[in-house]
Amino acid sequence: MGRTSAETARLDVQDTLYGGFTEYLLRVAGLREGMRVLDVGCGTGGVSLAAARIVGPRGRVVGVDMNPEVLETARANAAAAAMENISFEHHVLPDVELAEPVDALVGRLILMHLADPVAVVKELTRSVRPGGLVTFQEINISRARAIPDVPLVTTCREWICAAQREAGSNPDMGEQLAQVLRSAGLAHPEAAVAVPTGGADSPAMSLIAETVRSLLPLIERGGVADARTADVETLHSRLSHACEQAQAIVYLSELVAAWGRLD
């Protein structure tokens with residue numbers, strides 16, 4: 001997805017839409033007050049902030065990411081929220097070394113980008129105490145749609161799916177998540193799903209348009225569209241206009257959580 005300022009801003013828009021659902025799914029998975037939590041692939045810190053609100057001042061969250069620049073944004077976001085029970089560290093997965101085991105391992109929209117998510121999850125569980133919680137959240141991009149149908153929304157969804165495949169990512173990792181945890185050694189994983197929605201005036205239009213912008217090099221490389229066809233500078237306004245004309249609600253990519261506990 002790149003390391004541009006535009007991509008960092010896109011991540012913040014994404015968290016605006018998915019943040020509340022992420023916090024809800026963390027609670028459903030079993031995150032509780034007082035826990036020590038490791039958030040892998042933390043990005044701008046949205047999941048870390050959600051976890052920190054749940055665990056409270058008696059708990060602690062460590063967010064790790066491979067991008068030092070995005071970690072600066074995460075630290076600024078935590079400071080702006082006056083959250084003092086979070087710290088951020090630079091690590092490249094799965095090489096994360098902590099001073100002591102955590103009670104919970106969490107991550108959102110990270111496994112879809114990994115060549116071997118099972119191996120990475122298995123390695124990361126070394127940082128979790130016996131009986132600890134492991135929960136990840138991933139999306140199913142192919143489920144995104146507008147009701148009534150808006151062809152431009154469908155086209156953008158197909159571009160995004162194609163770009164993820166071109167990059168070697170799984171655009172529907174959400175539906176694979178429970179099996180990934182099971183294969184990583186977590187018996188009897190459970191799962192739940194949430195779906196953000198938005199109309200013509202919502203941040204959903206921005207998220208779709210800016211995701212296409214970030215993925216445009218891959219979209220072009222895969223041959224499904226070119227810069228002229230995508231016209232990212234007008235895409236946001238065209239999406240809003242099309243959804244307004246159709247009086248449509250956009251159902252964004254499903255957010256799937258799966259979780260289990262270490263034996």
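How many aromatic pairs does the count come to by the ring-centre rule? Zero, with Phe, Tyr and Trp rings (the six-membered ring for Trp) pairing if their centres lie within 6.5 Å, and planes under 30 degrees apart called stacked, over 60 edge-to-face and the rest tilted.

This is a predicted model, where local features need pLDDT of at least 70, side-chain atom pairs count only at pLDDT 80 or more, and totals for chains, interfaces and linings use all residues. Residues are numbered from 1 along each chain as its sequence is written, and side-chain values use heavy atoms, with hydrogens and water left out.

**View 1. The charged end of R145 sits over the ring of Y251.** Its distance from the ring centre is 4.9 Å. For a charge to count as over a ring, NZ of Lys or CZ of Arg has to be within 6 Å of the ring centre and within 35 degrees of the ring normal.

**View 2. An open sheet of seven strands shows mixed pairing.** Read across, the strand order is 3-2-1-4-5-10-7. Strand 3 (86-90) and strand 7 (190-194) are the edges, each pairing on one side only. Ignoring direction, neighbouring strands are turned by 20 degrees against each other on average, using axes as lines fitted to C-alpha atoms (for helices over the stretch in contact) and angles from 0 to 180 degrees between N-to-C directions. Strands here are DSSP E runs of at least two residues and helices H or I runs of at least four, numbered from the N terminus; two strands pair if DSSP finds at least two bridges between them.

**View 3. Strand 7 runs antiparallel to strand 10 (residues 254-261).** Five bridges join the two. Look for A192, which stands opposite A257 in strand 10.

**View 4. Two cis peptide bonds lead into prolines, P94 and P148.** L93 and P94 are joined with omega at about 5 degrees, and P94 is in the loop between strand 3 and strand 4 (102-108). From I147 to P148, omega is near -5 degrees; P148 belongs to the loop between strand 6 (145-147) and helix 5 (151-166).

**View 5. L109 has a positive phi without being a glycine.** The value is near 55 degrees. You'll find L109 in the loop between strand 4 and helix 4 (117-124).
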